[in-house]
Each structure stands twice: as C-alpha cells, then as structure tokens.
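Colleague: Please take a close look at the ligand site, and then work outward from there. Short sentences are fine.

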Amino acid sequence: MRILPPTAESVAEAAASLLAGGLVAFPTETVYGLGGDATNDRAVAAIFAAKGRPEFNPLIAHVAATADALSLVRWNDWADRLAGRFWPGPLTLVLPRADASPVSLLATAGLDTVAIRVPSHPIAQALLRATGRPVAAPSANRSGAVSPTRAEHVTESLGENAPLILDGGPCLVGVESTVLDLSGNRPTLLRPGGATREAIEEVIGRLDLSEAIPAGESARKSPGQLASHYAPNRPVRLGAREVGADEGLLAFGSDIPPGAMLTFNLSPSGDLGEAAANLFAMLRALDRPGIGRIAVMPIPETGLGLAINDRLRRAAADDGTGSRR
Ligand code: TXA
Ligand code: MG
C-alpha cells in the first residue's frame with residue numbers, strides 16, 4: 001500500500017483512482033474513511049470486502065457541499081436547518097432516498113433511506129470536489145475494530161486492503177459523526193458523535209434518543225449500532241476509580257488512581273473535546289502485550305461525553321463469541 005502526502009498531485013491521483021472504481025483511504029475531521037464511488041456497485045462491494053463488514057450495515061455517502069446532496073435524497077426542512085448550522089462538519093443525516101438517486105443500493109443495504117455527510121477536512125473536501133461523485137466511506141478499519149484517527153492506524157488495521165492512503169495527520173474531532181435519522185415523524189438520534197445532542201437540539205428541538213442511548217438490547221434502526229464494536233483485543237473495564245497492577249489505565253481529569261502498569265490521560269484538564277480527539281489513539285496504545293485489561297475512568301455524559309461513552313461501552317461489550325478480537 002502507499003501513503004501519500006496531502007498534496008494536489010496526491011488528491012488528483014486519489015480522485016482518478018476513485019473514478020476508476022478503486023478504493024482510497026482519506027482523512028476527515030472525525031476519523032479516516034475508506035472511500036469508494038458510491039454510485040459504483042463494484043467499488044461499494046470492494047469496501048465491504050476490505051473491511052470484512054456485514055452487508056446489512058449501510059454506508060454513508062459523502063459529498064462536498066449541501067447542493068450535491070439534493071439529488072441523492074428527498075430533502076426536508078429539518079435537514080435544511082441542520083445543514084445550514086453543521087455542514088461541513090461531523091453530522092450525518094439519514095433521509096428518504098430520491099427516486100432517481102444514483103447511490104448504489106448495496107451502499108444503503110437496500111434501505112429506502114440514504115445517509116449523507118459533508119465533511120469539513122480540507123483533504124476530504126478537495127478529494128470530493130475532484131471526484132465530483134458521492135463517495136461511500138465507512139471508517140477505515142476492520143469491521144468491529146477501533147476506528148483510525150491517523151494514517152498509520154489505517155495501515156495497521158487494513159494492510160493491503162487499503163491500497164492508497166491520503167495522509168492528513170491526526171483527526172481533530174476523533175470520534176465519528178453523529179448519525180441523525182430525519183426520515184420519520186421525529187428526528188431520531190442513531191449514533192452520538194462529533195456534533196453534540198445539545199447543539200442539534202438548539203436548532204430543531206428535542207430528539208428521540210431511544211435508538212441510541214444507552215446501548216440496549218433492542219433491534220436498532222442503525223444496523224451499525226451492534227453492541228460490540230470499536231473493540232480492542234484486551235478486555236475493557238469501565239467506571240474505574242481504582243486500578244490493578246496488570247491493568248493499563250485510560251484516565252480522565254487530574255485525580256488519577258496510582259498503580260497502573262501504563263497510563264494515558266485523555267485530558268488532564270477534563271476537556272471532552274481533547275478527550276474525544278485522543279480516545280481511539282490511546283485505546284490502541286493501551287492494547288498491547290503485557291497489559292491484562294484496559295481500565296477506563298468515568299467520563300461525564302454531556303456534550304462529546306455522550307459519543308465517548310457510547311464508543312467505550314461498545315469497546316467493553318462482549319462480542320458474544322467468548323473471545324476478543
Ligand atoms: O465520521 C464518520 O461518520 C466516518 C467518516 C469516515 O465520515 N464514517 C463512519 O462510517 O463512521 P461507518 O460506516 O463506520 O458508520 C456509519 C454509520 C453506521 O452505524 C451505519 O449503520 C449508519 O451510519 N448508517 C448508514 N446509512 C444508514 C441508513 N440509511 N440508515 C440508518 N443508519 C445508517
Ligand atoms: Mg465504523
């Protein structure tokens with residue numbers, strides 16, 4: 001695989017590869033995505049194969065600007081207000097598929113909705129403009145594993161399955177986009193993420209949270225919201241206020257219990273934005289030989305804490321096979 005520097009030539013090469021049906025990993029402000037032409041069934045099939053992703057789990061179509069979304073979905077007033085406030089940025093909107101939508105049915109797993117996002121990262125923007133087509137892009141990791149926030153994470157997780165990687169440095173938000181379903185009677189939060197619930201509710205009022213919080217047993221509208229996800233190889237223990245000698249500690253704030261084998265602090269000052277940006281890289285760094293278990297200190301459930309705790313609960317959930325990946 002090749003890791004390309006973020007130059008105009010690299011972006012042009014990556015766009016040409018996408019238009020030819022190839023896959024390209026690229027940075028967004030949330031996490032790195034593994035992109036393919038969303039209108040090309042074969043490219044979309046290659047994304048599922050590269051990730052080992054179940055085909056019932058639909059992909060987000062990425063476009064450069066709101067105007068590019070209008071032919072893909074049936075737009076509505078909620079979408080208009082939210083796009084005006086959050087795009088480009090870490091918010092994904094699920095809307096009814098337009099009759100003539102060019103998005104591959106495989107990308108949407110046969111659903112009658114399409115998830116759309118306009119990322120703000122300059123490299124993602126340049127790539128989408130150069131491609132001129134919607135780009136389907138899940139996080140660029142093996143299905144079920146920890147999401148990548150650096151180009152090296154993509155290589156570690158996907159190897160040769162990510163033939164071309166645009167290196168945009170570390171992702172600033174660090175957790176995936178918020179996924180909001182606007183196709184029904186009420187705006188429904190499907191996945192907490194980089195756009196906070198509080199900020200969204202300021203624009204369109206109360207959200208239906210029953211699909212997203214907390215990780216429950218019920219069947220979910222967002223098929224990606226499986227209980228076990230974002231999982232390191234080692235077991236994860238949440239709500240840690242003390243720590244064992246065989247544990248690695250994922251700390252938060254200034255009051256850290258002593259005695260861990262290794263400690264990484266998400267944010268010594270207790271800043272949730274900093275914690276989100278560090279979350280996946282520090283989980284990876286603690287997931288190493290010699291560490292028996294990863295202990296995680298409590299993190300507040302407000303603002304970005306909702307997304308952080310969602311990812312941590314899934315990292316801690318058993319995958320039901322009795323073995324960790
Ligand atoms: O921040 C992000 O959203 C990143 C970057 C690369 O843009 N992408 C990402 O994609 O996280 P992925 O595939 O890892 O997660 C997409 C989520 C999944 O939970 C999926 O089930 C849900 O969005 N989703 C996609 N299309 C949907 C649809 N039509 N209806 C409901 N949920 C949908
Ligand atoms: Mg993912």
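Modeller: Start with Ser177: one of its polar side-chain atoms lies 2.5 Å from an oxygen atom of ligand 1. Thr30 also makes a polar contact, with a polar side-chain atom 2.7 Å from an oxygen atom of ligand 1. Asn57 adds another, since an N or O atom in its side chain is 2.7 Å from an oxygen atom of the ligand. A polar contact is a pair of N or O atoms within 3.5 Å; within protein, one must be able to donate a hydrogen and the other to accept it, and sequence neighbours count only if both atoms are side-chain atoms. Alone, ligand 1 exposes 680 Å², and the protein buries 97% of that (Shrake-Rupley, 1.4 Å probe).

The model is predicted: local features need pLDDT of at least 70, side-chain atom pairs need 80 or more, and totals for chains, interfaces and linings use all residues. Residues count from 1 along each chain, chains are lettered from A and ligands numbered from 1 as written, and side-chain values use heavy atoms, without hydrogens or water.

Now the whole shell. Ligand 1 is surrounded by 26 residues (a heavy atom within 4 Å). Thr30, Arg53, Asn57, His62 and Ser177 are the closest. Three elements each give two or more residues to this shell: β4 (60-62), β6 (113-117) and β10 (188-191). β6 supplies the largest share, three residues. Elements are DSSP runs, helices (H or I) of at least four residues and strands (E) of at least two, numbered from the N terminus.

Next to Thr30 in the numbering comes Glu29, in the loop between β2 and β3. Glu29 is buried, at 6% relative accessible area (buried is under 20%, exposed over 50%, partly exposed in between; 1.4 Å probe, protein chains only). Its side chain has a polar atom 3.0 Å from the backbone nitrogen of Ser120. A polar atom of that side chain is also 3.2 Å from the backbone nitrogen of His121. Beyond four places in sequence, Glu29 touches residues including Gly89, Pro90, Arg117, Cys171 and Gly174 (heavy atoms within 4.5 Å).

Now move out to helix α1, residues 8-19. It has twelve residues and reaches 17 Å between its end C-alphas, close to the expected 16 Å at 1.5 Å a residue (that is, 1.5 Å times one less than the residue count). Its buried residues are Ser10, Val11, Ala14, Ala15 and Leu18. They sit on the same side of α1, because they cover an arc of only 135° around the axis. An α-helix has 3.6 residues a turn, so residues three or four places apart point the same way. The buried face of α1 packs against elements including β1 (2-4), β3 (33-37) and α5 (122-131). Gly21 follows α1, with a positive phi near 95°.

Helix α7 (197-204) buries Ala199, Ile200, Glu201 and Ile204. Their cover includes α4 (77-86), β5 (91-96) and β9 (178-181). Just after α7, Gly205 has a positive phi of about 85°.

Two loop details remain. The peptide bond joining Trp87 and Pro88 is cis, with omega about -5°. Pro88 falls in the loop between α4 and β5. Ala109 is in the loop between β5 and β6. Its phi is positive, near 55°, in a residue other than glycine. Ala109 is partly exposed, at 26% relative accessibility.

How values were computed. The arc is that of the directions from the helix axis to the C-beta atoms.
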